[in-house]
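Reader: I would like a close look at the enclosed empty space in this model and at the parts of the chain around it. Please take it step by step, and begin with the annotated segment that you think sets the scene.

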Amino acid sequence: MKKNQKVAVEQLEVGTFIRLPISWKDHPFLFSSFKIKNSAQIELIKGLGLKDVFFDPEKSDIEPVTSADSQQPPTEEELTTLKEQMLSDKTAKIDEQKKLIRDLKKTEQQFERSVAMMRSMVSKVSSRPLNAVIEAKDLISNMTSMLLNSDNLALHLMGDAKNDEHIYHHSLNVAMLCMLMAKELNWSREEVETIGIGALFHDIGKLKVPSTILNKRVALSAPEENFIKQHPLMSINFLKLADSFPEEAKPLIANHHEFLDGSGFPQGLKADKLDKLSQLIAVVNEYDNLCNGTNQSKGKPPSVALGMLYKNYNAKLNTEYVGKLIKMLGIYPPGSIVELSSGQFAMVMSVNLQQLLFPNIVVYDQLVPKDQAPIISLQNHNITIVRSLPAAALPKKIHEYLNPRDKISFGIGTN
C-alpha cells in the first residue's frame with residue numbers, strides 16, 4: 001500500500017496517521033500531520049468540512065475502516081468546548097513560537113556583532129595591538145557577565161558562516177563553549193575570562209598559512225600537513241606583537257591540539273605538561289572540528305561528534321571535561337536532525353541549558369510555508385524525540401525545508 005493515499009473522513013479511526021489538506025491556520029491542531037488519539041479528534045476533523053484526508057499506513061496503528069464498535073461520539077457541547085480549548089492552546093503556542101523566534105533573532109544579532117568585532121580585532125593585532133586586546137577583553141568581560149549572572153541560558157544554532165568567516169565562527173564557538181564549560185566546572189571569573197580570550201585567538205596563526213594550503217580540498221602532502229600543524233605556535237608568534245595580551249592565556253593557545261597521551265601537535269606534550277585550561281580547550285576544539293569538518297572531511301552531526309569524543313578519545317582527552325560537555329549540550333545539541341514521536345522530522349534550533357531534554361525545534365510541515373515553519377518547545381508538548389539521524393538521510397524536500405547547516409555555529413542567549 002503506497003503512502004499518503006486519500007481516505008474518506010468517515011472512515012477515520014483512532015490510531016490512523018493522517019495529514020490534513022488545509023492550511024495550518026485553518027484547523028485547531030498543533031500540526032497538520034498527526035496520529036488520531038481519540039474520537040473527539042475525528043469529530044473535529046469532520047467539522048472542518050473535509051471529505052478526504054491523506055492517510056499514511058506506515059505510521060498508523062490501524063486501517064481506516066468504519067467500525068461498528070467505534071466509541072460513542074462526543075456531544076456538540078463537548079466538541080465546542082474541546083475546540084475552544086484547542087484553539088486557545090494553539091494561540092498560546094503561536095505566541096510561544098513568536099517569542100522563540102524573537103529570542104533567536106536577538107541572539108543572531110548579538111552573534112553577528114561578535115563576528116564583526118572578532119574580524120576587527122584580528123585586523124588590528126598587527127597595526128594596533130593594544131586596541132585589539134582592549135576590545136577582546138571587553139567582549140570577553142561582557143560575555144562572562146552574561147554567563148555568570150544568568151540561570152536561564154540557551155545555546156542557539158546560528159546561520160551558516162560565509163567562506164571567509166569560518167575562522168571567526170570557529171573561534172567564537174570554541175570561546176563560548178569553553179567559557180560555558182568553565183562556568184559549569186565552577187572555575188573563577190578570572191579563569192573563565194582567561195580561557196575565553198585565549199580561545200578567541202587560538203587559531204589566529206592560520207592567517208599565516210597560505211590559502212592554497214588552508215583551502216585545499218584534496219589530501220594534503222606531508223610537508224603541507226606539517227606546516228599547518230605549526231599554526232598554534234604561529235598564533236603565539238602573532239600575539240607577540242600585542243605585549244598587553246595576557247600571558248596566562250598563551251599556553252592554552254599553544255596547546256589546543258595537544259593530547260594527554262602525547263599524540264597531539266605541535267610539540268607532542270603529555271598530560272603532566274598540560275594545564276587544565278589547555279586540556280579544556282582541546283576537548284572543545286576537537287568537538288567543534290568534528291562537527292564542522294575540514295576541506296578534506298565532512299562534518300559529523302553534533303550528537304555523533306559527542307559520541308565519538310566519548311568512545312574514541314579516552315586516552316587523548318580529559319574524560320571529566322568530555323563528560324561535562326556531553327552533559328551540558330544534552331543528547332540532541334543544536335543542529336541535530338531528529339525524528340519525533342509524532343512521525344515528523346525536525347531540527348534542533350536551541351537548547352535550554354537547564355532543560356536539556358526539551359530543546360526548541362523547527363518542524364517540517366509541508367502545508368506551512370518554509371519561512372513560517374513552526375518552532376516549538378518540547379517542554380510543554382506531549383511529543384518526544386525518537387532518534388537523531390544524519391541530514392543526508394532526509395528526503396530531498398524535507399532537507400531543503402529544514403535547511404540543515406553545513407557548518408554549526410552557536411550563539412548564547414537567554415530563554
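Author: In this predicted model, residues 87-114 form a span that is 100% helix and 0% strand, and its end C-alpha atoms lie 40 Å apart. UniProt, in an unreviewed entry, gives residues 87-114 the feature "coiled-coil region". The chain around that span has 13 helices and 11 strands, and its C-alpha trace extends over about 80 × 45 × 35 Å along the principal axes. Of the 415 residues in the chain, 51% are buried. When contacts between residues at least 6 apart in sequence are considered, 71% of them join residues at least 24 apart.

A second annotation from an unreviewed UniProt entry, "domain: HD", covers residues 167-290. Over residues 167-290 the chain is 56% helix and 0% strand, as in the 87-114 span for strand content, but here the end C-alpha atoms are 15 Å apart.

Turning to the empty space itself, rolling a probe the size of a water molecule over the atoms shows where such space is left. A search of the whole structure finds 2 cavities of 30 Å³ or more, and the largest of them has a volume of about 50 Å³. Its lining is made up of Met118, Val122, Ile167, Tyr168, Ser171, Leu200, Phe201, Asp203, Ile204 and Leu207. Two helices, α2 (76-127) and α4 (166-184), each supply at least two residues of this lining, and α4 gives the most, with 3 residues. By class, the lining of the largest cavity divides into 8 nonpolar residues, 1 polar residue and 1 charged residue.

The second largest cavity holds about 30 Å³ of space, and its lining has another composition by class, with 2 nonpolar, 6 polar and 2 charged residues. The residues that line the second largest cavity are Ala161, His166, His169, His170, Asn173, Asp288, Asn292, Lys407, Ile408 and Ser409. Here α4 and α10 (276-292) each supply at least two residues, and α4 again provides the largest share, this time 4 residues. Helix α4 is therefore the leading contributor to the lining in both cases, with 3 residues for the largest cavity and 4 residues for the second largest.One residue of the largest lining, Asp203, also leads to a residue outside that list, since His256 is in contact with Asp203. His256 has its place in the loop between α9 (250-254) and α10, and it counts as buried because its relative accessibility is 1%, where the limit for buried is under 20%. Leaving aside neighbours within four places in sequence, the contacts of His256 are His202, Asp203, His231, Pro232, Ile281, Ala282 and Asn285. With His231 there is also a polar contact between the side chains, at 3.2 Å. The loop between α9 and α10 holds Pro266 as well, and a cis peptide bond, with omega of about 10°, joins Phe265 and Pro266.

Two asparagines have backbone angles that deserve a careful look. Asn186, in the loop between α4 and α5 (189-200), has a phi near 60°, a positive value in a residue other than glycine, and Asn186 counts as exposed because its relative accessibility is 69%. Asn403, which lies in the loop between α13 (396-402) and β11 (410-414), likewise has a positive phi, of about 55°, although it is not a glycine. With a relative accessible area of 39%, Asn403 is partly exposed.

A last residue to consider is Glu224, in helix α7 (residues 222-228). Glu224 counts as buried because its relative accessibility is 18%, and, not counting residues up to four places away in sequence, it touches Ile213 and Lys216. From Glu224 to Ile134 there are 90 residues in sequence and 34 Å in space, C-alpha to C-alpha.

How values were computed: Residues numbered from 1 in each chain as written. Predicted model: local features only at pLDDT ≥ 70, side-chain atom pairs only at ≥ 80, totals over all residues. Heavy atoms only, no water. 1 Å grid on protein atoms, 1.4 Å probe; cavity = no way out; pocket = protein on both sides within 12 Å on 5 of 7 lines; lining within 4 Å. Points joined across faces, edges and corners; volume = space filled by probe spheres on them. Nonpolar A, V, L, I, M, F, W, Y, C, P; charged D, E, K, R; others polar. Buried < 20%, exposed > 50% of the residue type's maximum accessible area, 1.4 Å probe, protein only. Polar contact = N/O pair within 3.5 Å; in protein donor to acceptor, adjacent residues only side chain to side chain. Contact = heavy atoms within 4.5 Å. UniProt positions renumbered as here; feature names shortened; annotations may be inferred.
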